[in-house]
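This report introduces the structure shown below to a reader who has not met it before. It proceeds by topic under short headings.

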Number of protein chains: 2
Amino acid sequence: MTPPSSRPTMRDVAERARVSPKTVSNVLTGTAQVREPTRLRVEQAMRELDFVPNLSARGLRNGRSGVIGLAQPDLRAAFSASMTHAVVEAAHARGLVVQVEETAAEPARERDLVTRARTHLIDGMILNPVRLQDSVVEHLDHLPPIVLIGEVEQHRTDRVFINSRSAARDAVRHLLARGARRIVALGGAEHGAGLDKATQGQRLRGYLAGLAEAELPASPELQVEVPEWTIAGGAAGMREILERGAEFDAVLAFTDSIALGAMHELRSWGARLPEDVLVCGFDDVEHARFAGTPLTTIAFDHQAYANAALDLLTSRMRDRGLPPRAQEIPYELLARTSTQGPPAGFSGKNSPI
Amino acid sequence: MTPPSSRPTMRDVAERARVSPKTVSNVLTGTAQVREPTRLRVEQAMRELDFVPNLSARGLRNGRSGVIGLAQPDLRAAFSASMTHAVVEAAHARGLVVQVEETAAEPARERDLVTRARTHLIDGMILNPVRLQDSVVEHLDHLPPIVLIGEVEQHRTDRVFINSRSAARDAVRHLLARGARRIVALGGAEHGAGLDKATQGQRLRGYLAGLAEAELPASPELQVEVPEWTIAGGAAGMREILERGAEFDAVLAFTDSIALGAMHELRSWGARLPEDVLVCGFDDVEHARFAGTPLTTIAFDHQAYANAALDLLTSRMRDRGLPPRAQEIPYELLARTSTQGPPAGFSGKNSPI
DNA sequence: CGCAGTCTTTACATCGATGTAAAAGACAGC
DNA sequence: GCTGTCTTTTACATCGATGTAAAGACTGCG
């Protein structure tokens, strides 16, 4: 019927309905009035030809593609998966589709993404940055609308965040209240790039603040950076602490995935959870609730988070002149089995102390 | 400097470099030779203007956008997350970007996606179908290239798959060899839509085949459908079996997420794993290895799976006349702690029997 | 020094949808 | 039956990149 690989265009529809292409466009977009019988003829022609508008052409013409980008460090991480789901839902509800990008594999990609090529096919972008601080905003004038999710130390773009710093401090308070005294920070360390990186920096700061207000020392021995925020990454980080021979009685993991890896590693070294060691995570992914030892974590509404990001993004897509806005999403510490104290303490040197 | 919201075009670059727009295009695409000094001038102009080509325009002109679609039932599921990661990596390596879609929420979306609107902005599509069988192929002539991932009973599109049926049968054999006799099928049931749905149907068939070759009866009491293949879905399915009061000594879960939910539920009813009940999953997501009781599962190389899908897709994008091809990815049963038998057996009626 | 032959660069048309402005049609009122 | 207003439809130009074909620059050779 139709030539193999070419789809019908508005011109084809117009011919078949015996009207001009512009009338077809009018039917489609509702820009102008179209008389009933004409509209019906056009609609039938569209149906018969199985017409689908060419979005490249439309995008070229009116400067918008209906596509937004979502960039995250590692799509395998449970939190990223949850966030992707939530963003896709929120976008769908607003008639937008989502293009995903991954930034962790090569550090250059994060920077590239914002400044280079693809940028131009998308109307806006939601970015969960790892290290990016200034490089984003440098080129801000030339960029599409951007909403940052997570903590970044700047106030020139829109962003959505939970107060990670205060959350981490609350988690430390909780662990201390349950009897812990020597808390491992699993995900960031003061030396190294610890405080520079976005979310990681805020969680580390909160951890330090929590210790400080209880007048407890912050030991570098109990801090470790975790480059990949996955389960395997968490396990590797925990192993490092254990191999140092450090003594501790609680772990504050910077994400739930890290916490789950840590719990696995601890168990395989013979630690009992939570009898020997308390563990607290971040993000409340589905997994946390169903873990062997259900995981205490910082919970917040992922869908609300995504909705807020999309609201900021779409409003800015409509009006680029708006001032930068920041929206905080409330969190809550969800106490589960993994922090039922008091803990006996544990050390990689030997069996439970 | 630049007018607020309009990016430089090739025309601007051309003017600044004192050449024609076509020469800029030649520098960019390498279509024709460009003399060194000219090329340098153009490149500098591009740099100075921070020029980025407009992909809508390019897409319109040469009919390709460089975007592929990836549609999966539920992006929260661990397997989907892993697959998304793998596909994004594979696509990136081939200079493509990925648009994600989710089909589980409304059944109509799966159908819509293949036939309607957005279709036109993407060059091809990777689809993990839930129920879709015929509706895809109906319109096949009008569709962009499609690769199905997972088991679908048709041979008119390209597809990548593991032999789920034989894998499920192997899993049953493994459970039987470890001493199980009454195996729960968690994810699909003979009555209901069990056998009709894509992957689910094949896994159910393999389960039945495994029982049959051991001359064991297939009890409807031990089968349950799980609408959402998530951890919570698995827990709910397990609960249903337990509330039926069924007696069993092993669980074959149709994905790892389902298995993890089942293990949680079993534990909370007092079952010991694997002493009372053996559990086997599917997909070998990161999580399986790190579970409280490390999970035996059907493992395969997710990245190889994604690479195969992209190879099929890109080759078809180049030549739509190719015959439909199917590529099988090998799997392997990875025995971990969760199937260290023999199991004592368990029933929802009371404590371990 | 001039010309064939090659290598670069240019002008122009095109991809498909849509805004603009003008033409065509519908309809009321006198 | 004709004018004037309002509605519907049309022709044309445009968005930005790129293929085509023709013009222009340059090389080497006689």
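## The surroundings of one core residue

Which residues does Phe248(A) touch, not counting residues up to four places away in sequence? Phe248(A) is in contact (heavy atoms within 4.5 Å) with Arg182(A), Val184(A), Leu222(A), Met238(A), Ile241(A), Leu242(A), Leu266(A), Val277(A), Gly345(A) and Phe346(A).

## Basis of the description

This is a predicted model, in which local features need pLDDT of at least 70, side-chain atom pairs count only at pLDDT 80 or more, and totals for chains, interfaces and linings use all residues. Residues are numbered from 1 along each chain as its sequence is written, chains are lettered from A and ligands numbered from 1 in the order in which they are written, and side-chain values use heavy atoms, with hydrogens and water left out.

## The nonpolar core and the cysteines

The largest nonpolar core contains 156 residues. Such a core is a set of buried Ala, Val, Leu, Ile, Met, Phe, Trp, Tyr and Cys residues joined through side-chain atoms within 4.5 Å. Phe248(A), Leu252(A), Leu266(A), Phe248(B) and Leu266(B) have the most contacts inside this core.

Buried means under 20% relative accessible area, exposed over 50%, and partly exposed in between (1.4 Å probe, protein chains only). Cys280(A) is buried because its relative accessible area is 0%, and Cys280(B) likewise counts as buried, at 0% relative accessibility. Over all chains, the number of disulfides (pairs of cysteine sulfur atoms within 2.5 Å) is zero.

## The surface near DNA strand C

A residue is near a strand if one of its heavy atoms lies within 4 Å of it. DNA strand C has 24 residues around it, of which Met10(A), Arg58(A), Arg61(A), Ser20(B) and Thr38(B) come nearest. By class, this surface has eight nonpolar, nine polar and seven charged residues; Ala, Val, Leu, Ile, Met, Phe, Trp, Tyr, Cys and Pro count as nonpolar, Asp, Glu, Lys and Arg as charged, and the others, Gly among them, as polar. Sugar or phosphate supplies 68% of the atoms of DNA strand C within 4 Å of the protein, and bases the rest.

Polar contacts are pairs of N or O atoms within 3.5 Å; within protein, one must be able to donate a hydrogen and the other to accept it, and residues adjacent in sequence count only if both atoms are side-chain atoms. The side chain of Lys22(A) places an N or O atom 2.8 Å from a base nitrogen of DNA strand C, while a polar backbone atom of Ala57(A) is 3.4 Å from a base nitrogen of that strand. Helix 4 of chain A gives the largest share of this surface, four residues; helices here are DSSP runs (H or I, at least four residues), as are strands (E, at least two), numbered from the N terminus.

## The surface near DNA strand D

Of the 23 residues around DNA strand D, those that come nearest are Ser20(A), Thr38(A), Met10(B), Arg58(B) and Arg61(B). Sugar and phosphate make up 68% of the atoms of DNA strand D within 4 Å of the protein.

Two side chains of chain B approach phosphate oxygens of this strand: an N or O atom of Ser25(B) is 3.3 Å from one, and an N or O atom of Arg58(B) is 2.6 Å from one. Helix 2 and helix 4 of chain A, together with helix 2 and helix 4 of chain B, each supply at least two residues of the surface.
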